[in-house]
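The following exercises concern aromatic rings and their partners. Please work through each task before reading its solution.

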Amino acid sequence: MAVPRILIVGGGYVGMYTALRLQRRLRRGEALVTVADLDSYMTYQPFLPEAAAGSIEARHVVVPLRRVLNRCQILSGRITQVRLADRKAEFEPHEGPALTIAYDYLVMAPGSISRLLPVPGLADNGIGFKTIEEAIALRNHVLGRLDVAASTPDPEVRRRALTFVFVGGGYAGVEALAELEDMAADACKYFEGISRADMRWVLVEATDRILPEVGPDMGRWTAQQLRERGIEVRMKTMLKSAEGCHIVLSDGEEFDTDTLVWTAGVKPHPLVRAGDLPVDEKGRVRVDAAMRMHGTDFAFAAGDCAAVPDLTRPGEFCPPNAQHAVRQAKTLADNVLATLRGQPRRPYRHKYAGSVASLGLYKGVAQIYGRELRGFPAWFMHRTYHLTRMPTFNKKTRILMDWTLGMFFPREIVSLGAIEEPRKEFTLSARS
Ligand SMILES: Cc1cc2nc3c(=O)[nH]c(=O)nc-3n(C[C@H](O)[C@H](O)[C@H](O)COP(=O)(O)OP(=O)(O)OC[C@H]3O[C@@H](n4cnc5c(N)ncnc54)[C@H](O)[C@@H]3O)c2cc1C
């Protein structure tokens, strides 16, 4: 009899943790697990702001799938369609012909993508903050802008270079802005003629609050802290246009910038709508409390792409965050195994514990089980919590080393933006 094949689409939080548990608990020859992901690594997203700020080496916040999932098959490339009717998925490797993958059991975990609005100029001039590539690019870009500003006599070029705009006041936007501002404020002492007062950092948020994840009081406190640091926090304001990097806000203000970061929310990955999966009006895969797709007994979904019922808040669904994703993966793996073995599945149930956010070196905010923390204790909690959650002993140790070294040596202030065009110098030499 053929060995059953479990296909996991996406090797992020849900995908990697599901595969890890399956490879640990499956008996030899019981099933073959295949993980298909665009990248060959899992990204620990809560550490992206610290990676952008240079407090953690970028390579240390990603986990190589081939190393940790050494008993799974890893495919690097894009899944373009998943079908339940014939239990097949279409896969495009990064190079070479596309192939069709047949499966017996399916786990959908492609996560989410940035939710863009039809703002003129946004798609051409903005950058998101969801991937390690974006975090590295943003770090190089911000330091590169300081270089530009310090090297030009033109006040207009300088003003543009030193204006940084972030749209979206959730944890991704607030943490990214706060960490990068902290880094730039520290770095500018090495750039002649630039002080913190020359820089303009703007946070644009459509609603009347930021950081909803830590509750209204802590959100207000965070806004006040950011303002005291000289950051403009503009609530009830929307980005109306960004054509030619000319920013137009809904309150009527207009200015130019070289840096526009869009972190105004996420939406379920569109891949879930590319086949015949059951999808709700918000584009999430419909699943029951055991994370089984409606109408099937062999397909599952969890994480940012799925509407998993929150049994601790009847009638509601789990919000898209890492805390749920990791815990859902554990139950999901057990339910896949139970299905394989003809045993009963169990529902996912977890009460959201709260959130921790870093706002720069030694600064943070947290709300855990209703307890509010601010400043250094919250920052310490953020680091401790995420370090314990970071997969593998190897990565934990490397991150701890980065932090320890950071206490004794100044941060790196070099922009390696040229890394995006590695052949430029060689091509110029060939032409001269
Ligand atoms: C900057 C930032 C900070 C955050 N901080 C926190 C935090 O402090 N606390 C918290 O709880 N949550 C946080 N989150 C949210 C958290 O990271 C997500 O909720 C979590 O990653 C969701 O897990 P997932 O498995 O559903 O998706 P992901 O972890 O995003 O994994 C999806 C995977 O699918 C792959 N994929 C996508 N499309 C395809 C395709 N077509 N074919 C193959 N593979 C594909 C992707 O490459 C990716 O590896 C943060 C997010 C960001 C962006």
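Rings of Phe, Tyr and Trp, the last by its six-membered ring, pair if their centres lie within 6.5 Å; planes under 30 degrees apart count as stacked, over 60 as edge-to-face and the rest as tilted. The model is predicted.

**Exercise 1.** Determine how many aromatic pairs this rule gives, and classify the pair of Tyr-362 and Trp-379.

*Solution.* Step 1: the rule yields a count of 11 aromatic pairs. Step 2: for Tyr-362 and Trp-379, the ring centres are 4.9 Å apart and the planes stand at 65°, so this pair is edge-to-face. Step 3: Tyr-362 belongs to the loop between strand 21 (354-358) and strand 22 (364-368), and Trp-379 to helix 10 (residues 376-389); the pair therefore ties together parts that are 17 residues apart in sequence.

**Exercise 2.** State whether Tyr-362 and Trp-379 are buried, partly exposed or exposed.

*Solution.* Step 1: buried requires a relative accessible area under 20%, and exposed one over 50%. Step 2: at 43%, Tyr-362 is partly exposed. Step 3: at 6%, Trp-379 is buried.

**Exercise 3.** Identify the members of the aromatic cluster that includes Trp-403, and the rings over which the charged ends of Arg-87 and Arg-200 sit.

*Solution.* Step 1: Trp-403 forms one aromatic cluster with Tyr-13, Tyr-17, Tyr-44 and Phe-47. Step 2: the charged end of Arg-87 sits over the ring of Phe-298, 3.6 Å from its centre. Step 3: for Arg-200, the ring beneath the charged end is that of Phe-255, with its centre 4.3 Å away.

Methods:
Residues numbered from 1 in each chain as written. Predicted model: local features only at pLDDT ≥ 70, side-chain atom pairs only at ≥ 80, totals over all residues. Heavy atoms only, no water. Helix = DSSP H or I, 4+ residues; strand = E, 2+ residues; numbered from the N terminus. Buried < 20%, exposed > 50% of the residue type's maximum accessible area, 1.4 Å probe, protein only. Lys NZ or Arg CZ within 6 Å of the ring centre and 35° of its normal.
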